[in-house]
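Me: Could you take one part of this protein and go through it closely, keeping to what the coordinates support? I would like a connected account rather than a list.

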Amino acid sequence: MNSISRRTFLAGSAGAAALALTACGGSGSSDASGDKTYKIGVLQLTQHAALDAANEGFVEALDASGIKYTIDQQNANNDQSACATIASKLVGDGDDLIFAIATPAAQAVAAATSDIPIVGSAITDYAASGLVADNDKPGGNLTGTSDMNPVDDQIAMLQKVLPEAKHIGMLYCTAESNSQLQIEMAEAACDKAGLTTERFTVSSSNEIQSVVESMVGKVDAGYSPTDNTIAAAAAQVGQIAKEGKLPFITGEENMCMGMGICTVSIDYKELGKMAGEMAVKILKGEDTPANMAIETETGDQLQTIKNEEMAEALGIDLSVLDA
């Protein structure tokens with residue numbers, strides 16, 4: 001397990017507006033040598049650092065493969081109706097493959113087509129979300145990479161860094177099914193560790209400020225999973241947490257650098273690369289989504305992330321993680 005410590009973190013952005021990029025040739029065509037130029041659509045749920053990183057990794061994998069392709073980058077700005085509209089557009093464009101980033105994006109594309117291959121990423125549990133019949137053998141036109149994070153390790157880290165914390169606030173968005181799954185896992189881990197929990201939920205980003213403010217003074221620490229709504233507002237949550245002296249353990253690195261003190265995190269760029277490699281195999285006819293098991297990162301790819309700046313502001317010593 002790698003360890004990363006940073007005082008500042010600057011997230012790259014993919015751009016919220018629709019953007020069409022072309023690599024090595026024209027759309028859906030073949031050149032004189034017969035090499036096909038593949039037409040790829042991308043639907044990203046919203047703009048935040050983790051999803052941007054998955055998108056970046058996907059494109060890097062395409063470039064590394066040497067295939068010719070055009071790519072249509074679309075971002076739904078965390079709007080469910082926009083997801084459906086964009087999914088219909090990509091299907092209507094006759095794309096050879098669609099890359100869906102985050103569960104709502106994948107659900108929208110899956111509802112729009114049962115024929116075009118779909119590769120997903122930043123999705124916690126494909127089967128539980130109704131995207132595939134089975135994570136080991138999807139059986140349809142959709143496969144991808146899972147961002148199931150090490151929840152048990154994160155709760156263990158909370159205990160190690162904050163041994164006096166006994167009552168933990170669970171912050172997440174009720175509109176995200178994968179967040180619900182992770183919260184249940186976190187609650188089970190806390191119960192096993194003798195910690196009590198309390199849920200603090202939002203249904204949209206408009207509720208985040210008031211809900212996080214309500215946590216201050218009620219709980220000893222907060223936990224937030226890989227939740228897209230919370231992640232997009234990590235800086236806002238972080239400011240309230242800093243002012244209220246409320247330490248957070250988060251589901252992944254980018255959230256941690258915005259609002260948390262530490263976490264055990266997967267690498268979203270690597271997750272995107274894995275998805276891109278799966279997409280290349282599908283495009284080349286080397287495999288089909290139906291037979292490609294959902295892939296996850298292995299233990300040695302996990303990273304211990306520390307937000308030293310936030311920890312210092314809250315008076316928390318993270319050196320215990322170096323032991």
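Reply: What follows looks closely at one helix, and then at the strand it packs against and that strand's surroundings.

The model is a predicted one, and the confidence along the chain is therefore worth stating at the outset. The mean pLDDT of the protein chain is 90, with 89% of its residues reaching 70 or more. Over residues 2-27, however, the pLDDT is below 50, although this stretch still has 65 contacts in the model beyond near neighbours in sequence.

The helix in question is α8, which spans residues 234-243 and in which Ala234, Val237, Gly238, Ile240 and Ala241 are buried. These residues cover an arc of only 165° around the axis, and so they lie on the same side of α8. The general background is that an α-helix has 3.6 residues a turn, so residues three or four places apart point the same way. On the face of α8 turned away from the buried side, one finds the exposed residues Ala235 and Glu243.

As for what the buried side meets, the buried residues of α8 pack against β8 (167-173), α6 (208-215) and α7 (228-232), and also against β11 (248-250), α9 (253-259) and α11 (308-314). After the helix comes Lys245, whose phi is positive, near 55°.

Among these partners, β8 can be followed further, since it pairs with strand β9 (residues 196-202) in the parallel sense over seven bridges. Between the two strands the chain passes through helix α5 (residues 177-192), and this β-α-β crossover from β8 to β9 is right-handed. Within the pairing, Cys173 has Val202 of β9 as its bridge partner.

Cys173 counts as buried, at 1% relative accessibility, and Cys190 is likewise buried, with a relative accessible area of 0%. A disulfide is a covalent bond between the sulfur atoms of two cysteines. With a cut-off of 2.5 Å between cysteine sulfur atoms, the count for the model comes to zero disulfides.

Ser177, where helix α5 begins, also leads to another helix, for it is one of the residues in contact with Gln107, together with Ser129 and Leu131, once neighbours within four places in sequence are left aside. Gln107 itself is placed in helix α3 (residues 103-112), and at 32% relative accessibility it counts as partly exposed. Gln107 and Ala87 are 20 residues apart in sequence, while their C-alpha atoms are 9.4 Å apart in space.

How values were computed:
Residues are numbered from 1 along each chain as its sequence is written. This is a predicted model: local features need pLDDT of at least 70, side-chain atom pairs count only at pLDDT 80 or more; totals for chains, interfaces and linings use all residues. Side-chain values use heavy atoms; hydrogens and water are left out. Buried means under 20% relative accessible area, exposed over 50%, partly exposed in between (1.4 Å probe, protein chains only). Helices (H or I, at least four residues) and strands (E, at least two) are DSSP runs, numbered from the N terminus. The arc is that of the directions from the helix axis to the C-beta atoms. Contact means heavy atoms within 4.5 Å. pLDDT is the predictor's confidence in each residue, from 0 to 100. Two strands pair if DSSP finds at least two bridges between them. A crossover is right-handed if, with the strands pointing away from the viewer, the path from the first strand over the helix to the second runs clockwise.
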